[in-house]
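Here are my notes for your first look at this complex. Keep the structure open and check each point as you read.

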There are 2 protein chains.
Amino acid sequence: MTESERVPAERKRRRPTSSGVVLSADLIVDAACELIDSQGAQAFTVRKLGAALGADPSAVYRYFRNTEDLLLALADRLIGESMTGFGPSGDWAADLRELGLRAYRSALRHPQIAAFSTVRVTGRPHEQRVVDTGVGLLLGAGFDEATAVRHYHVLVDTALGHAALDAGVLRLAPAQRAADEQAWQDRYGSLPADAYPSLHRVREHLPLMAASAVERALDLLVAAMRQEAADREAAERGR
Amino acid sequence: MTESERVPAERKRRRPTSSGVVLSADLIVDAACELIDSQGAQAFTVRKLGAALGADPSAVYRYFRNTEDLLLALADRLIGESMTGFGPSGDWAADLRELGLRAYRSALRHPQIAAFSTVRVTGRPHEQRVVDTGVGLLLGAGFDEATAVRHYHVLVDTALGHAALDAGVLRLAPAQRAADEQAWQDRYGSLPADAYPSLHRVREHLPLMAASAVERALDLLVAAMRQEAADREAAERGR
DNA sequence: CTCCTTGTGTCAACGGTGTTGACGTAACCT
DNA sequence: AGGTTACGTCAACACCGTTGACACAAGGAG
């Protein structure tokens with residue numbers, strides 16, 4: 001494990017900044033989280049972070065190699081938050097769905113962070129725990145090792161992909177978001193039946209497009225996995 | 001869609017730049033496309049774009065209000081490109097998979113653009129054509145109107161979600177991307193079996209995580225839809 | 001208690017970024 | 001031929017991430 005923090009996490013010399021705050025990696029992540037939540041991802045800069053902390057911006061580099069490193073720490077914190085209170089129910093498929101949904105919700109709870117946090121392999125403790133849990137559910141359902149990894153990967157990436165998408169919508173200015181939702185009615189609702197026969201036929205149902213598809217996506221994925229497991233079991237029994 | 005170009009597209013005065021190139025909105029989009037393709041999304045800056053065009057960077061602002069505006073124009077071009085040459089094969093499920101894959105690929109061809117272009121409803125002819133085609137395939141498969149819309153929505157959003165995710169990966173600097181791929185081996189490959197039993201068991205297969213899951217996601221979604229259609233047909237036949 | 005090491009906050013600077021306003025010139029219209 | 005003005009250019013602004021030198025106080029050693 002390559003150390004991502006600049007120093008081995010144990011600090012002895014604790015010198016307060018000029019404004020009296022005693023810095024720490026956790027405190028910096030706190031401040032970054034708050035900054036992004038309140039001001040938007042666009043407002044996240046090392047300089048503003050320094051100002052929010054009451055410290056010189058460059059002090060951050062005593063704790064993180066660079067901004068990327070800091071954002072990875074932020075991402076792992078989100079992963080940890082998302083899994084608090086999760087306990088397997090016994091139904092592996094339902095648990096997997098829940099796992100994906102939690103990843104989605106936590107990513108979406110901070111739309112500004114989701115845009116970049118969903119991308120990276122943090123390789124940090126919280127992420128490792130989640131992966132172990134998810135893969136374990138699939139192994140328990142009887143899938144072989146490679147298939148378990150692949151299915152876990154599909155499930156999580158689909159959940160995070162929808163999060164990235166929906167986070168982008170949330171990031172739009174409210175007025176623009178409303179306009180985009182209207183667009184499904186305005187631009188699609190009255191198309192000529194001869195040129196767009198299918199669209200015309202389903203025109204009443206187009207507003208469904210405005211909502212997130214993540215739950216239905218997870219439903220379908222889990223259904224397919226269930227079917228696969230059932231088929232495999234049947235084949236083994238008949239063998 | 002609101003007009004994104006600064007002037008009504010019709011140019012009369014065509015003055016060459018100091019290097020002899022005659023600028024146009026199309027030419028600028030061309031250059032931006034080429035720049036991103038060859039140098040990576042990281043290399044896309046207004047200044048480099050100006051250099052590539054053989055013009056002062058600020059000349060771009062005669063054609064586009066800002067960089068976002070330029071990137072939206074680029075996105076418009078992508079939608080058109082993505083569907084050229086698509087023809088239904090007769091297998092509705094395979095066609096839907098292909099539709100999703102095309103959306104994914106075109107979004108991913110320009111990662112920088114995908115990050116936000118996947119979010120908006122353009123409501124333009126190209127988009128309308130695609131939606132009509134996709135919904136039509138599902139109606140043809142026997143799904144009712146609401147289900148057809150929902151399933152189409154799931155499929156496209158999943159494809160675009162994966163595109164947004166994978167685009168983020170591509171946006172990383174090459175060295176960092178390689179490091180991320182290694183991370184699955186380095187940080188996950190040698191975890192203790194007692195604390196992470198499932199991870200330990202599948203450790204050989206973890207590099208699978210580095211690849212995109214989009215094809216398998218589409219496979220599973222389409223499989224679930226096929227199953228649903230088959231179940232419905234069986235129910236109708238038995239009724 | 002004093003001294004020394006060194007961790008860590010601060011400062012200034014570098015090279016980059018997007019964007020804007022003033023300016024002049026050359027391309028078109030009359 | 002002359003006047004308008006579109007548009008390319010230039011210089012400047014206000015930011016950005018990051019780094020190296022520096023100062024100083026916290027903590028250990030004696």
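1. Start with helix α10 (residues 214–238) of chain A and its partner α10(B). Their axes lie 8 Å apart, and the helices pack at an angle of about 75°. That makes α10(A) roughly perpendicular to α10(B), because angles of 65 to 115 degrees count as roughly perpendicular. This is a predicted model, so treat every value here as computed from a prediction.

2. Now find the residues in that crossing. From α10(A) come A:Leu220, A:Leu221, A:Ala223, A:Ala224 and A:Gln227. They meet B:Leu220, B:Leu221, B:Ala223, B:Ala224 and B:Gln227 in α10(B). By class, this contact of α10(A) with α10(B) has eight nonpolar residues, two polar ones and no charged ones.

3. Step back to the whole contact between the chains. Chain B puts in 52 residues and chain A puts in 53 residues. On the side of chain B that touches chain A, five helices each supply at least two residues: α6 (125–140), α7 (145–171), α8 (174–186), α9 (197–201) and α10 (214–238). Which helix gives the most to that side? It is α7(B), with 16 residues. Sorted by class, this side of chain B has 31 nonpolar, twelve polar and nine charged residues.

4. How are the two chains related? Chain B superposes on chain A after a rotation of 178° with 0.5 Å of shift along the axis, at an RMSD of 2.2 Å. That is the relation of a two-fold axis. Both copies use the same surface: 100% of the contact residues of chain B recur in chain A.

5. Turn to DNA strand C. There are 27 residues around DNA strand C, and A:Ser18, A:Ser58, B:Thr45, B:Ser58 and B:Asn66 come nearest. Helix α2 (residues 46–53) of chain B gives the largest share of the surface near this strand, three residues. By class, the surface near DNA strand C has eight nonpolar, seven polar and twelve charged residues.

6. Next, DNA strand D. Here 26 residues lie around the strand, and those that come nearest are A:Thr45, A:Ser58, A:Asn66, B:Ser18 and B:Ser58. The largest share of the surface near DNA strand D is three residues from helix α2 (residues 46–53) of chain A. The classes near DNA strand D are seven nonpolar, seven polar and twelve charged residues.

7. Look at how α2(A) sits against helix α1 (residues 25–39) of chain A. Their axes come within 10 Å and cross at roughly 110°. The helices α1(A) and α2(A) are therefore roughly perpendicular to each other. The crossing of α1(A) and α2(A) is right-handed. In α1(A), A:Ile28, A:Ala31, A:Ala32 and A:Leu35 make the contact. They meet A:Lys48, A:Leu49, A:Ala52 and A:Leu53 in α2(A). By class, the contact of α1(A) with α2(A) has seven nonpolar residues, no polar ones and one charged one.

8. Last, one more helix pair in chain A. Helix α4 (residues 92–109) packs with helix α6 (residues 125–140) at an angle of about 160°, and their axes are 9 Å apart. Are the two parallel or antiparallel? The angle makes α4(A) roughly antiparallel to α6(A), because angles over 145 degrees count that way. The crossing of α4(A) past α6(A) is left-handed. On the α4(A) side, A:Trp92, A:Asp95, A:Leu96 and A:Leu99 make the contact. On the α6(A) side, A:Gly134, A:Leu137 and A:Gly140 do. By class, the contact of α4(A) with α6(A) has four nonpolar, two polar and one charged residues.

Methods. Residues are numbered from 1 along each chain as its sequence is written. Chains are lettered from A and ligands numbered from 1 in the order in which they are written. This is a predicted model: local features need pLDDT of at least 70, side-chain atom pairs count only at pLDDT 80 or more; totals for chains, interfaces and linings use all residues. Axes are lines fitted to C-alpha atoms, for helices over the stretch in contact, and angles run from 0 to 180 degrees between N-to-C directions. Helices (H or I, at least four residues) and strands (E, at least two) are DSSP runs, numbered from the N terminus. Angles under 35 degrees count as roughly parallel, over 145 as roughly antiparallel, 65 to 115 as roughly perpendicular and the rest as oblique. A crossing is left-handed if the near helix is turned anticlockwise from the far one by less than a right angle, and right-handed if clockwise. Two residues are in contact if their C-beta atoms, placed from the backbone, lie within 7 Å. Ala, Val, Leu, Ile, Met, Phe, Trp, Tyr, Cys and Pro count as nonpolar, Asp, Glu, Lys and Arg as charged, and the others, Gly among them, as polar. A residue is near a molecule or strand if its C-beta atom, placed from the backbone, lies within 6 Å of it. Copies are superposed by least squares on the C-alpha atoms of residues with pLDDT of at least 70 in both.
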